[in-house]
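Please look at the sequence and the structure shown below, and keep both in view while reading the report.

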Amino acid sequence: MTTAVYPGSFDPITNGHLDIVRRAMAVFDHVVVGVLANPRKSPLLSVDARIAIIEASLAADGIAAERFDVVAFDGLTVDFCQSRGASAIVRGLRAISDFETEMQLAHNNRVLAPDVDTVFFMTSVANGYVSSSLVKEIAGFGGDISGMVPAAARDALSKELGSH
């Protein structure tokens, strides 16, 4: 069985992230969504809330629970991959600027863990403009984010930001 790790902060998960998970599942038997629990960063949503939102979103999307795990992690992504028996890191690319950063990370990860490859998926055209930070900003001003995030993320942001 092939396992891949899709790491990120997912603060919150977007429809673009879900698209990448679906497509990764077409290539890998099992996908571990690694939710970064970095104490040096200040996410809007707690790690437990992000995990619950991702699990609810994947379930609502009809993805079989045995195909994925959603797990918090901190530290090196390659160490997390090795602890989960993953042979690949999944990353999504929206623009050429993403590629430059991601290529550098992929090369560094390959040096640290030669047995772990990085696989890139281009975001769908429909989700190419969506980012978690943009979603939070729009939601913070009371804008409609329903086309950008799954319902569980929309509801959590609404609750967290006190908007409708």
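The report below goes through the strands, a loop, the salt bridges and a few nonpolar residues.

This is a predicted model, in which local features need pLDDT of at least 70 and side-chain atom pairs count only at pLDDT 80 or more, while totals for chains, interfaces and linings use all residues. Residues are numbered from 1 along each chain as its sequence is written, and side-chain values use heavy atoms, with hydrogens and water left out.

## Strands and crossovers

Helices (H or I, at least four residues) and strands (E, at least two) are DSSP runs, numbered from the N terminus, and two strands pair if DSSP finds at least two bridges between them. Strand 1, which covers residues 3–8, pairs with strand 2 in the parallel sense over 6 bridges, and one of the matches places Pro7 opposite its bridge partner Gly34 in strand 2. Gly34 also has a bridge partner in strand 3, namely Val71, and strands 2 and 3 are paired in the parallel sense over 6 bridges. Strand 2 runs over residues 30–36, and 6 of its 7 residues are buried, where buried means under 20% relative accessible area, exposed means over 50%, and partly exposed lies in between (1.4 Å probe, protein chains only).

The connections between these strands can be followed in the structure as well. Strand 1, helix 1 (residues 15–25) and strand 2 make a right-handed β-α-β unit, and a right-handed unit is also made by strand 2, helix 2 (residues 47–60) and strand 3. A crossover is right-handed if, with the strands pointing away from the viewer, the path from the first strand over the helix to the second runs clockwise.

Further along the chain, strand 4 (residues 88–93) and strand 5 (residues 117–122) pair in the parallel sense over 6 bridges. The chain crosses from strand 4 through helix 4 to strand 5, in a β-α-β crossover that is right-handed.

## The loop after strand 1

Where does Pro12 lie? Pro12 belongs to the loop between strand 1 and helix 1, and a cis peptide bond with an omega of about 5 degrees joins Asp11 to Pro12. Phe10 is found in that loop between strand 1 and helix 1, and the phi of Phe10 is near 50 degrees, a positive value in a residue other than glycine. Phe10 counts as buried because its relative accessibility is 3%.

## Salt bridges

Side chains of opposite charge can pair when their charged atoms come close. A salt bridge is here a side-chain nitrogen of Lys or Arg within 4 Å of a carboxyl oxygen of Asp or Glu, and the structure holds 9 salt bridges, including those in the table.

| Salt bridge | Distance, N to O |
|---|---|
| Arg23 and Asp19 | 2.9 Å |
| Asp69 and Arg84 | 3.1 Å |
| Asp155 and Arg154 | 3.0 Å |

Arg23 and Asp19 both lie in helix 1, where they are 4 residues apart, about one turn of the helix. Arg23 is partly exposed because its relative accessibility is 29%, whereas Asp19 is buried because its value is 11%. These residues also take part in a network of salt bridges that links Asp19, Arg22, Arg23 and Asp61.

The side chains of Asp69 and Arg84 also meet in a salt bridge. This pair links distant parts of the chain, with Asp69 in strand 3 and Arg84 in helix 3 (residues 77–84), 15 residues apart. Asp69 counts as partly exposed because its relative accessible area is 29%, and Arg84 is partly exposed at 32%.

## Aromatic and nonpolar residues

The structure holds 3 aromatic pairs. Rings of Phe, Tyr and Trp (its six-membered ring) pair if their centres lie within 6.5 Å, and planes under 30 degrees apart count as stacked, over 60 as edge-to-face and the rest as tilted. Phe73 and Phe80 form a stacked pair, 4.4 Å centre to centre and with 10 degrees between the planes, and both residues are buried.

Leu157, in helix 6 (residues 151–161), counts as buried because its relative accessibility is 0%. In helix 4 (residues 96–112), by contrast, Phe99 is partly exposed, with a relative accessible area of 31%.
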